[in-house]
Amino acid sequence: MSASSAPQPVKLSLPLVYQQKLFEELRKEDELVILARGLGLMRLITNLLHSYDAAGNNLIVVVNAEDRENAWIGEALAEHAAISMSPKARGLTVVNTDFTSVGTREKMYAQGGIFSITSRILVVDLLTNLLNPETITGMLVLHADRIVATSLEAFIFRIYRQKNKVGFLKAFSDNPDPFTVGFSPLATMMRNMFLRKASLWPRFHVQVAQSLEGKKKAEVIELEVPMTDSMREIQTAIMECVEISIHELKKENTGLEMEDWNLDSALTRNFDRMVRRQLEPNWHRVSWKTKQIAGDLTVLRGMLQSLLALDAVSFLQQLDTIHAAHKPAPGTTRQTESPWLFSDAAQTIFETARQRVYSSKQKAGPNSTIESLKPVLEEQPKWAVLADVLEEIDRDLYFEPAVRDDSNGTILVMCADTDTCRQLRDYLQTMHIRPRTAKKVEEVYDPEEDRPSGAFLMRRKLRNYLNWKREFAQVNATLFSENQKALSGAVDPRLPQARGRGGAPANKRRRVRGGGGGVGSNPSRHENGSIVQHFEKPNEVADLMSEIQITEDDAGGQAAEEIITFATADPLEDMDDYYQLYDMQDLVVIHAYEGDQDEHVLEEVKPKYIIMYEPDASFIRRVEVYRSSHNDRNVRVYFLYYGGSVEEQRYLSSVRREKDAFTKLIRERASMSIVMTTDSHGVEDPESAFLRTINTRIAGGGKLAKATAQPPRVVVDVREFRSSLPSLLHGRSMVIVPCMLTVGDYILSPNICVERKSVSDLISSFKDGRLYAQCETMFQHYRNPMLLIEFDQNKSFTLEPFADLSGSLRSVNPENAGANDLQSKIVLLTLAFPKLRIIWSSSPYETAEIFERLKALEEEPDPVAAVRAGLGEGESPEDGVNEGKGAVNGGSTFNMEAQEMLGKVPGVTPKNIRNITAEAENVREVANMEVEELGRLVGREAAGKIVEFFKKDVLEDYSG
Amino acid sequence: QALPGARSSSGSSILVSPRQKGNPVLASIKSTAWEYSDIPADYVLGTTTCALFLSLKYHRLHPEYIYTRIRLLQQNRYNLRILLTLVDIPNHEEPLRELSKTSLVNNVTVILCWSAQEAARYLELYKSYEHASASAIRGQQKTTYAEQMVEFVTVPRSVNKTDAIALVSTFGSLRNAINVATEANGEERLGNVQGWGEKKVKSWRRAVEGSFRVRK
């Protein structure tokens, strides 16, 4: 750790020139830093934070940090503080939903230090003045690329800059891509953050290049691994499916910009998201089929990935699951199926995937069954290469004893995710165990005679797979036979409706294929042409099982394996890292890429050899940084990739994309610098209409209010801070009072209460009856409840596509009221609540205007009353208003996810959910309750339903 | 053969004011009968429901028109007074803001439609739902176990339908799948489920372990 010439007497850990440069720049002025991935952004941030921390007497807020980053910053600050022995350093305090008490937070803020605060809490605290913006020394923003004009963070900066013009604000990002989409995106982003200067550090920056390409370069060996024929076949078939899907998409949606919609871009990382974004403006106008295909693309791309990552058996298993999930519900027509399932290529995928695992032989076997299945068990080609590389390293170590250096001599294997980690660990553990060899396996490690192979592993996997498949057939039957029973049951309400529709006659309904028996082994197709899930004949399965049955040697192997596993019970072992003793001295560490965390891995493991099992551009840079940072550590990198595979293309395109993005940014910065220099601190900049209103109207903030009338005030439910509306209301010079509301989302006046629904919310809340219940409670407490139907800024302003305009008598028949379109539900709602007013707003900006107008002549709402509304007798507004001070607590909130899950359980109603949550701690507790216990809370009948739901065993419960 | 009393309940047909003659909406009313009648509103859709029709194009030319019409409606006769507004101009923002305010002051419910067909559909729906119950929007539980199970498991955002089926088929029942999250090797066992990566495992754990109410 070299102490640089930093302005503060603190010890820094920034060994490379460009890092020190950047650090000094940051100490001097506010700027937006975009650093190429892998160049050590987090290290820079922690050093910067430490330099402030050591000085003491600060209140610094870190915005937009993830949990992992918080943990890292916290650790790094403590470490720094210990190294430089700065007495004033206090480390990091993380404020998230766990710290909810207003009093505690207030005390913490008063003490100062470095805080990382969840945006939703921060905005509420700033609004309620719990954290006075004027007392903040500065803000650090991570992931600056995610900040758009309507985001919560932009709202935070606005509040901050309104009251505090001297505090610093520095933004960081390691993802240049988002800064290049749209019209002058960099300038817009910087305006959102009130920043004037952008500092760009691509990998090809002169200083970066100089620092990394000195004489201390890492030795890299590239190994191109060929895919097996069947893998290539599957890959081609999947690509074909992707092409079919894209073709269908194009056919369905003419008039969109579709030049980019081709196979090439389908391989880049977020093609499916790109398609979705393009369809977004009229997402509810696009046909059901298009949505389905957009979803399919995600699935297909996932398959491309798992083809390379998973072993043959797991891949087949995944295909089975995918297929089951995409199977149409019985009784539906062929339209509801994904088009790719109809293609020949889909057949190839399923067929070839199966043949990689086992194949059927026509000739008479020793058991003279006519058809018998033989395990094939193709191994992943990379496995063998990995074994070879390990062997080479081994030999290397033996013949040329290592030059003494600081490295550990450890071998680090990096792969994409923990799944692959596990797979590799299993492979390495078992690669020398031979299934069913004539001799007993005595010497486990004897590379001369014993070529490593995954046979043992694959056989074990196949056994598990066959077991799984047997159960899965049953699960399938249990899950989907219900539908069939329901369909044929006379009590089912859907039946008359189905007949009423006059569509297909009942006997056309497709038969469900659930059971394992009786279905031919050749992949057949449903009557409608889609692929039927393949289930083997039971006797064939039995054959296959006997073929790979645990033989004595296998059992011996298993014993041997246990011994190895025992030997590896290393104290270092934890959930993420799998250590295994390989050569009694050397350690093989298998680790998954984890973004910035990889730096820690390198520093801790100090590997001498690195095997990159899958390519990753940022990790290469991390190795470069690591190598350049340490004079005395030699690293050799083996780089494995499948030649001609999607993996390779994806890697190359990601490198190219980043480079392009930086080039674009540099160009934009060059042309915009003049504009930004005239802008002193952003706030005075008359950027958009709402910012202007702040300056003219709220100039004195709340202080002016006492002189004149009360400023317009809106009470907002804290959960609503996820949307952009509060920010826009604030922009329209309204005072936002965040509260925990039980009734309504926005309280505009003592009489007006607004429930906001986006179109998708509207649909879902009609479906589960939430909206009806919400309207009921609003009418209990307010005179003028309003329903706000808010459309998205970028989406079309119309509900027409939701209408069933067939004009037939049947569709307006009250018997199937609400079954069809959104319009009929709105009609029912207004009929049920004739006094409910509906506000139609084409965007959140419009909503803000409408709100202003609605409350123009009304009195201001009372936050305390708003919080009280809807709370039952004797329920204190514990989470709502903090009495005494009038400050309102926002952070304490229900755990929405857990409650929502509970709400989905049959038997749980909006009424009895309170009883359950009062008594039980979490979902797990409810799931483990028995009828008696639950019965006390919700009544016997409901309790029975709940318990049955959780207990239902899909493996055993199958009947019929 | 209308009975004398049927007039007030308007029978089974929509009553239309002669003012609406020539409105393309009338041509699109197909599944319900309608007849002209001398009424203060434009349409009578039931004993307690009436509607005024407003095209924003017209509104732009005669902004005062609609207020006169609203005033003419008898306050007490109709429980639900609908202002059926046809959005047929591109810059609809300003008139809609105004109508939102109007709806609050004058007790009318604004319903927007974007075509004559849609307008006609609303009229038909109001008429045919005159006596319908609101049960359709009071929420229907999913009826089959598979649907309910998928709904339940997919609450955490990262978990999808495929994952839900994989989860339950691995652990047999939901109770097992929930309990496994807390076991010592739970993360690994969950991670072994087909398609369940680290992120999904974490969010599943958080969802089933997370307390219903955040502690202070």
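**Figure 1. Helix α26(A) passes helix α28(A) in a left-handed crossing.** This is a predicted model, and the first close-up looks at how two of its helices meet. Helix α26 covers residues 759–767 of chain A, and helix α28 covers residues 822–832 of chain A. They pack at an angle of about 70°, with their axes 11 Å apart. An angle from 65 to 115 degrees counts as roughly perpendicular, and α26(A) and α28(A) are therefore described that way. On the α26(A) side, the contact is made by A:V759, A:L762, A:I763 and A:F766. Meeting them from α28(A) are A:L822, A:K825, A:I826 and A:L829.

**Figure 2. A:F639 and A:Y651 form a tilted aromatic pair.** Across both chains, the structure holds 20 aromatic pairs, and here is one of them. The ring centres of A:F639 and A:Y651 sit 5.6 Å apart, with 55° between the planes. A:F639 belongs to strand β15 (residues 636–642) of chain A, while A:Y651 belongs to helix α23 (residues 646–677) of chain A. The two residues are twelve residues apart. As for solvent, A:F639 has a relative accessible area of 5%, so this residue counts as buried.

**Figure 3. A:Y746 and A:F851 meet edge-to-face.** Here the centre-to-centre distance is 5.5 Å and the angle between the planes is 65°. A:Y746 lies in strand β18 (residues 746–747) of chain A, and A:F851 lies in helix α29 (residues 844–854) of chain A. The pair therefore ties together parts that are 105 residues apart in sequence. Are these two rings buried or exposed? A:Y746 is buried, at a relative accessible area of 0%. A:F851 is buried too, with a value of 0%.

**Figure 4. An aromatic cluster takes in residues of chain A and chain B.** Chain A supplies A:F791, A:F797 and A:W840. From chain B comes B:W114, and together these residues form one cluster.

**Figure 5. Two lysines lie over aromatic rings.** One of them is A:K170, which lies over the face of A:F168 at 4.9 Å from the ring centre. The other view goes across chains: A:K952 lies over the face of B:Y145, at 5.1 Å from the ring centre.

**Figure 6. A:S306 sits in helix α12 of chain A.** That helix runs over residues 288–309. A:S306 has 8% relative accessibility; buried means under 20%, so A:S306 makes the cut. Leaving out residues up to four places away in sequence, A:S306 touches A:F315 and A:Q318. Also in this view is A:T420, which is 114 residues from A:S306 in sequence and 10.0 Å from it in space, C-alpha to C-alpha.

**Figure 7. The two chains, for orientation.** Chain A has 960 residues, and 55% of them are buried. Its tally of secondary structure is 35 helices and 21 strands. Taking contacts in chain A with a separation of 6 or more, 72% come from residues 24 or more positions apart. Chain B has 216 residues, of which 57% count as buried. Eleven helices and six strands are found in chain B. For contacts in chain B between residues at least 6 apart in sequence, the share joining residues at least 24 apart is 60%.

Definitions and conventions
Residues numbered from 1 in each chain as written. Chains lettered and ligands numbered in written order. Predicted model: local features only at pLDDT ≥ 70, side-chain atom pairs only at ≥ 80, totals over all residues. Heavy atoms only, no water. Phe/Tyr/Trp six-rings, centres within 6.5 Å; stacked < 30°, edge-to-face > 60°. Helix = DSSP H or I, 4+ residues; strand = E, 2+ residues; numbered from the N terminus. Buried < 20%, exposed > 50% of the residue type's maximum accessible area, 1.4 Å probe, protein only. Lys NZ or Arg CZ within 6 Å of the ring centre and 35° of its normal. Axes fitted to C-alpha atoms, helices over the stretch in contact; angles between N-to-C directions. Parallel < 35°, antiparallel > 145°, perpendicular 65-115°, else oblique. Left-handed = near helix turned anticlockwise from the far one by under 90°. Contact = heavy atoms within 4.5 Å.
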